[in-house]
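The following paragraphs go through a protein structure, from one side chain to the overall fold. Please keep the sequence and the coordinates at hand while reading.

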Amino acid sequence: MKRIYALVCCLLIAGSIFAETKPRFGVVGGLTTTSTKFSTAIADIKGGNFNQFHVGICYNQPLILGFAIQPALEYNLKGVQFSQLEGFKDINFKTGYLELPVQVQWGLDLLGVLRPYVFAEPFIGFALTNTANDSNFSAKGWDFLKSRFEGGLGVGAGIDLFRHVQVSFRYFWNLGQVYKIDLKNLGNLSTGNCQGFKVSAAILF
């Protein structure tokens, strides 16, 4: 039995070492949930509250020893909710970023049929749109965005099927403050950064 396990392990390692290295282009899209706290993001997942989205193109380049690199160019709509503001209803900011995430993947290629993998994904972006659900803020929405430039990191896992379909799940967070509300006569009331989950599907050619 030990010999069988050893043989299976050798086949898996060999499959990863000698896996196909042909680059692939693709389209990617999915759902996003964002908040200012990890606990709130978990609650969003449990409640099925994926109220933002992302869509774009990607490029996958297999390397050696199971590694691959996959940059993408995406439009990612995410945001934050400021709640319990005295005299105001809950305020939802939604910001659309043109983002460049770069996945560094590692996984095992199982005979070209299935490739489970884990990844780290740094990203940078530039805000293209910014809206709020309250008329008092929508005209001045840019005033509450700390910067139109952003950067952050995501970590997650995925499955590559038949070298043409990917499904992945990640947790991401922006590094540094994204939003800042400074209401007149109330001072600096609240600050926040985006963090949450993304569920993505990609078709590769």
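In which strand is Ile57 found? The residue belongs to strand 2, which covers residues 52–62. The model is a predicted one, and every value below is computed from it. Is Ile57 buried or exposed? Its relative accessible area is 52%, and exposed means over 50%, so Ile57 counts as exposed.

Ile57 is also part of a nonpolar surface patch of about 850 Å². The other members of the patch are Val27, Leu73, Leu98, Leu100, Ile124, Leu128, Ile203 and Phe205. Two elements, strand 4 (91–107) and strand 5 (114–132), give two or more residues each to this patch.

From the surface the path leads to the interior. In soluble globular proteins, nonpolar side chains tend to be buried together. The largest nonpolar core here consists of eleven residues. Its aromatic members are Phe93, Tyr97, Phe144 and Tyr179, and it is completed by Val80, Ile91, Ala127, Ala132, Leu145, Val178 and Cys194. Strand 4 and strand 5 each supply at least two residues of this core, and strand 4 gives the most, with three. Both strands thus appear in the surface patch and in the core.

Ala127, one of the core residues, shows what surrounds a single position. Leaving aside residues up to four places away in sequence, Ala127 touches Thr95, Gly96, Tyr97, Trp142, Leu145 and Arg148. A second, separate core has five residues, among them Val28, Cys58, Ala202 and Leu204.

Aromatic rings are the next topic. The number of aromatic pairs comes to eight. A pair of this kind is described by the distance of the centres and the angle of the planes. For Tyr117 and Phe119 the centres are 6.0 Å apart and the planes make an angle of 40 degrees, a tilted arrangement. Tyr117 and Phe119 are both buried. Elsewhere, ring pairs join Phe169, Tyr171, Trp173 and Phe197 into a cluster.

The whole chain can now be considered. The protein has three helices and ten strands, and their order along the sequence is α-β-α-β-β-β-β-α-β-β-β-β-β. Among contacts with a separation of 6 or more, 65% are between residues 24 or more positions apart. Of the 205 residues, 40% count as buried. The accessible surface of the protein comes to about 11,200 Å², and carbon and sulfur atoms account for 68% of it.

How values were computed. Residues are numbered from 1 along each chain as its sequence is written. This is a predicted model: local features need pLDDT of at least 70, side-chain atom pairs count only at pLDDT 80 or more; totals for chains, interfaces and linings use all residues. Side-chain values use heavy atoms; hydrogens and water are left out. Patches are made of residues with over 30% relative accessible area and no salt bridge: like charges are joined within 9 Å, nonpolar side chains (Val, Leu, Ile, Met, Phe, Trp, Tyr) within 5 Å. Accessible areas come from the Shrake-Rupley method with a 1.4 Å probe; for residues, only the protein chains shown count as cover. A salt bridge is a side-chain nitrogen of Lys or Arg within 4 Å of a carboxyl oxygen of Asp or Glu. Helices (H or I, at least four residues) and strands (E, at least two) are DSSP runs, numbered from the N terminus. Buried means under 20% relative accessible area, exposed over 50%, partly exposed in between (1.4 Å probe, protein chains only). A nonpolar core is a set of buried Ala, Val, Leu, Ile, Met, Phe, Trp, Tyr and Cys residues joined through side-chain atoms within 4.5 Å. Contact means heavy atoms within 4.5 Å. Rings of Phe, Tyr and Trp (its six-membered ring) pair if their centres lie within 6.5 Å; planes under 30 degrees apart count as stacked, over 60 as edge-to-face and the rest as tilted.
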